[in-house]
Amino acid sequence: MKKVILTLALVVATQFGFAQAKKAVAKKTTTTVSAAPAMSEEDYKKEVLKVVDKSAIGSQLSMIKDQVIGQIPADKQAAFLVDFDASITDLKEKLVPVYMEAFTKEEIKAMNVFYSSPVGKKMDEKAAELNTKSQEIAKTWGETFQATMMKYMQ
């Protein structure tokens, strides 16, 4: 369970870091005028939620759900899934302002276009496999790195 929570925290922190880096880059670039009609704030939020669902966070949450459900007794799984889904909905809602601060409406639209493309769909299909393999590699690296840290902490 600790691994699952740590993984989720790592994913959220990574996404937040990428968002902040993107925001810094966006500030350095000039603003372009779009000929597209203005997107309402509600539509913008819906588009951001689509990005969150299709991004690494969405696939990580799905993977966590699959891992955790096996640890819940069968007679309690249905109730657990209701609570889990509610907590995920809350998490995603809290991520929306972070994405809205980091990305423009045009960038969010572009991300959704990408996630709808063949490459974006393949990325989504491969996300669970990549996450599993990445976790294995990260675990091995973490064990090695812990030894390195201990060398300097003594």
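Guide: A salt bridge, in what follows, is a side-chain nitrogen of Lys or Arg within 4 Å of a carboxyl oxygen of Asp or Glu. Keep in mind that this is a predicted model.

Visitor: Then what makes the pair Asp85 and Lys65 a salt bridge?

Guide: Their side chains meet with N and O 3.0 Å apart, and the cut-off is 4 Å, so the pair qualifies. Asp85 sits in helix 4 and Lys65 in helix 3, so this pair ties together parts that are 20 residues apart in sequence.

Visitor: Is Asp85 buried, partly exposed or exposed, and how do you know?

Guide: Asp85 has 35% relative accessibility. Buried means under 20% and exposed over 50%, with partly exposed in between, so Asp85 counts as partly exposed. Lys65, at 25%, is partly exposed too.

Visitor: How many salt bridges does the structure hold?

Guide: There are 8. One of them joins Lys105 and Glu41, at 3.4 Å from N to O. Because Lys105 belongs to helix 5 and Glu41 to helix 2, that bridge links parts 64 residues apart in sequence. Lys105 comes out at 23% relative accessible area, hence partly exposed, and Glu41 at 44% gets that label as well.

Visitor: What else sits around Lys105, starting from Met39?

Guide: Met39 is in the loop between helix 1 (2-28) and helix 2. Leaving aside neighbours within four places in sequence, Met39 touches Tyr44, Glu47, Lys105 and Lys109. Met39 and Lys105 are 66 residues apart in sequence, yet their C-alpha atoms are 7.5 Å apart in space.

Visitor: Is Met39 buried or exposed, and what is the reason?

Guide: Buried: its relative accessibility is 13%, and the label needs a value under 20%.

Visitor: Why is Lys92 called buried?

Guide: That one rests on 18%, and since the cut-off is under 20%, Lys92 falls on the buried side. Lys92 is in helix 4, and apart from neighbours within four places in sequence it contacts Leu49, Val52, Asp53 and Leu61.

Visitor: What makes the pair Lys133 and Glu129 a salt bridge?

Guide: Their closest N and O atoms are 3.1 Å apart, inside the 4 Å limit. Both residues lie in helix 6, 4 residues apart, which is about one turn of the helix. An α-helix has 3.6 residues a turn, so residues three or four places apart point the same way. Lys126 joins Glu129 and Lys133 in a network of salt bridges. Lys133, at 45%, and Glu129, at 38%, are both partly exposed.

Visitor: How do you know which side of helix 2 its buried residues are on?

Guide: The buried ones are Tyr44, Glu47, Val48, Val51 and Val52. They span an arc of only 145 degrees around the axis, so they are on the same side of helix 2. Their cover includes helix 3 (56-69), helix 4 (77-102) and helix 5 (105-116).

Visitor: How does the span of helix 2 fit what is expected?

Guide: Helix 2, residues 41-54, has 14 residues and reaches 20 Å from first C-alpha to last, close to the 20 Å expected at 1.5 Å a residue. Helix 3 agrees with its expectation too: 14 residues should span 20 Å, and its end C-alpha atoms are 20 Å apart. The buried residues of helix 3 include Ile57, Leu61, Met63 and Ile64.

Visitor: Is Trp141 buried or exposed, and why?

Guide: Exposed, because its relative accessibility is 54% and the label asks for over 50%. Trp141 lies in helix 6 (residues 118-153). With Phe145, Met149, Met150 and Met153, Trp141 makes a nonpolar surface patch of about 550 Å².

Visitor: And what does the protein add up to as a whole?

Guide: 6 helices and 0 strands. Buried residues make up 25% of the 154 residues. The exposed area is about 10800 Å², with carbon and sulfur atoms supplying 63%. Among contacts with a separation of 6 or more, 82% are between residues 24 or more positions apart.

Note on methods
Residues are numbered from 1 along each chain as its sequence is written. This is a predicted model: local features need pLDDT of at least 70, side-chain atom pairs count only at pLDDT 80 or more; totals for chains, interfaces and linings use all residues. Side-chain values use heavy atoms; hydrogens and water are left out. Helices (H or I, at least four residues) and strands (E, at least two) are DSSP runs, numbered from the N terminus. The expected span of a helix is 1.5 Å times one less than its number of residues. Buried means under 20% relative accessible area, exposed over 50%, partly exposed in between (1.4 Å probe, protein chains only). The arc is that of the directions from the helix axis to the C-beta atoms. Contact means heavy atoms within 4.5 Å. Patches are made of residues with over 30% relative accessible area and no salt bridge: like charges are joined within 9 Å, nonpolar side chains (Val, Leu, Ile, Met, Phe, Trp, Tyr) within 5 Å. Accessible areas come from the Shrake-Rupley method with a 1.4 Å probe; for residues, only the protein chains shown count as cover.
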